[in-house]
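I have opened my notebook for a first look at this structure. Here it is, with my entries below.

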Amino acid sequence: TVACGNSSSRPLSFCLIGIPGMEDIQHWVAVPFCIIYILALLGNFTILFIIKIEPALHQPMYLFLSMLAITDLVLSTSTVPKMLAILWTHNREMGYHTCLVQMFFIHAFSSLESGILVAMALDRFVAICHPLRHTTILNTVVIGRIGLVVLGRGLVLITPFPILLQWLSFCRGTVVAHSYCEHMALVKLSCSDSTVNRFYGLMVALLVVGLDVLAITASYVLILRAVFRVPSWDARLKAMGTCGSHVCIILVFYVPGMFSFLTHRFGHNIPHHAHVLLATLYLLVPPALNPIIYGIRTKQILQRVL
């Protein structure tokens with residue numbers, strides 16, 4: 001039994017149980033989560049520090065990388081400290097509005113990260129297809145506007161989530177079978193008609209991920225077409241090598257994210273603890289791996305770190 005939470009149309013708090021079915025060992029599971037979080041903090045702060053102090057890195061690709069690092073720091077920090085408290089100290093209660101704020105940050109900054117990956121794909125397209133005008137096309141003003149558009153999109157699309165949730169009655173209880181406040185996990189606790197919530201959540205996911213993946217795919221189709229027009233194999237490999245880090249980050253972010261999204265709605269035969277673990281790693285692994293991928297594959301950053 002879980003000794004927290006209260007059933008009502010507007011509960012005072014929710015009770016997050018961590019990883020369902022693994023309560024006896026979840027304090028051990030929290031150890032690698034904590035290590036990954038520390039790596040994410042160290043890696044992203046290092047990336048931001050190096051880009052700030054190194055004038056040669058004040059280029060479009062690294063400015064977008066700075067945006068990605070800030071997004072990863074906010075995304076992981078809005079989730080992991082409370083998650084570790086749940087798994088280690090059984091401090092499972094989270095205030096109603098605090099839970100909605102956490103949910104907003106998770107979904108808004110996931111959308112922001114997806115948008116930044118599109119911007120980085122655009123940067124690679126301009127760098128390879130229009131190398132002489134790269135810094136002219138993507139100057140600091142344009143980069144700032146792209147960042148504001150991506151941020152604005154996330155805020156506008158995700159703001160209705162907590163508003164729509166406040167229309168629901170949570171008479172099925174307030175025990176959230178998850179390690180953080182996730183939109184669909186909260187919707188499933190409602191005994192009200194949640195058709196609008198489910199439809200809007202599905203629409204936002206398809207709109208954000210669908211359009212972003214389409215834009216990234218279009219960018220790389222144009223990049224490949226430009227690369228294969230180059231007669232020299234060495235030049236082709238060098239051009240594609242500049243895209244390698246970005247492709248790795250795309251796979252790390254989208255593959256587990258899509259799997260988590262699909263299992264939440266359609267994977268009824270998948271054990272719930274497996275889904276929660278995957279959803280947790282989806283918020284932890286990209287922030288930890290992104291600086292490592294760019295740190296290893298980018299000579300300027302690696303040399304500065306060493």
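**Entry 1: around helix α3.** I looked at His90 first and found that, just after α3, it takes a positive phi of about 60°. I am using the DSSP elements here: helices are H or I runs of at least four residues, strands are E runs of at least two, and both are numbered from the N terminus. This is a predicted model, where local features need pLDDT of at least 70, side-chain atom pairs count only at pLDDT 80 or more, and totals for chains, interfaces and linings use all residues. Residues are numbered from 1 along each chain as its sequence is written, and side-chain values use heavy atoms, with hydrogens and water left out.

Next I asked how many of the ten residues of α3 are buried. I found seven in helix α3 (residues 80-89), so I noted it as mostly covered. Buried means under 20% relative accessible area, exposed means over 50%, and partly exposed lies in between (1.4 Å probe, protein chains only). The buried ones are Val80, Lys82, Met83, Leu84, Ala85, Ile86 and Leu87. I saw them pack against β1, α1 (26-53), α2 (60-77), β2, α4 and α12, where contact means heavy atoms within 4.5 Å.

**Entry 2: the sheet.** I traced an open sheet of three strands, in the order β2-β1-β3 and with mixed pairing. Because β2 (93-95) and β3 (175-176) stand at the edges with a single partner strand each, one side of each is left without a neighbour in the sheet. Two strands pair if DSSP finds at least two bridges between them. A reminder to myself: strands of a sheet pair through backbone hydrogen bonds, either parallel or antiparallel.

I then took the pairings in turn. Strand β1 (residues 13-16) and β2 run antiparallel and are joined by three bridges. Ser13 has Gly95 of β2 as its bridge partner, and Phe14 stands opposite Met94 in β2. On the other side, β1 and β3 run parallel, joined by two bridges, and Leu16 stands opposite Val176 in β3. From β1, Ser13 and Cys15 point one way while Phe14 and Leu16 point the other, and all are buried.

I also checked what covers these strands. Helix α4 (residues 96-129) lies across β1 and β2, at about 85° to β2. For that angle, axes are lines fitted to C-alpha atoms, for helices over the stretch in contact, and angles run from 0 to 180 degrees between N-to-C directions.

**Entry 3: Phe14 and the core.** Which residues have the most contacts inside the largest nonpolar core? I found Phe14 and Leu65, in a core of 86 residues. α4 gives the most to this core, with 17 residues. Such a core is a set of buried Ala, Val, Leu, Ile, Met, Phe, Trp, Tyr and Cys residues joined through side-chain atoms within 4.5 Å. Leaving aside neighbours within four places in sequence, I listed the contacts of Phe14, among them Arg92, Glu93, Cys99, Thr174, Leu186 and Leu189.

**Entry 4: aromatic rings.** I counted eight aromatic pairs. Rings of Phe, Tyr and Trp (its six-membered ring) pair if their centres lie within 6.5 Å; planes under 30 degrees apart count as stacked, over 60 as edge-to-face and the rest as tilted. Phe14 and Phe170 are edge-to-face, because their ring centres are 5.3 Å apart and their planes stand at 85°. This pair links distant parts of the chain, with Phe14 in strand β1 and Phe170 in the loop between α7 (160-165) and β3, 156 residues apart. Both Phe14 and Phe170 are buried, and they form one aromatic cluster with Tyr96.

Phe105 and Phe109 gave me a stacked pair, because their centres are 5.7 Å apart and their planes lie at 0°. Both are in helix α4, four residues apart, about one turn of the helix. Phe105 counts as partly exposed at 31% relative accessibility, whereas Phe109 counts as buried at 15%.

**Entry 5: two last residues.** I found Glu182 in the loop between β3 and α8 (183-187), and it is buried with a relative accessible area of 11%. The side chain of Glu182 reaches the backbone nitrogen of Met184 at 2.9 Å. Finally, I looked up His275, which lies in helix α12 (residues 272-297) and counts as buried at 5% relative accessibility. His275 and His183 are 92 residues apart in sequence and 14 Å apart in space, C-alpha to C-alpha.

Methods: A polar contact is a pair of N or O atoms within 3.5 Å; within protein, one must be able to donate a hydrogen and the other to accept it, and residues adjacent in sequence count only if both atoms are side-chain atoms.
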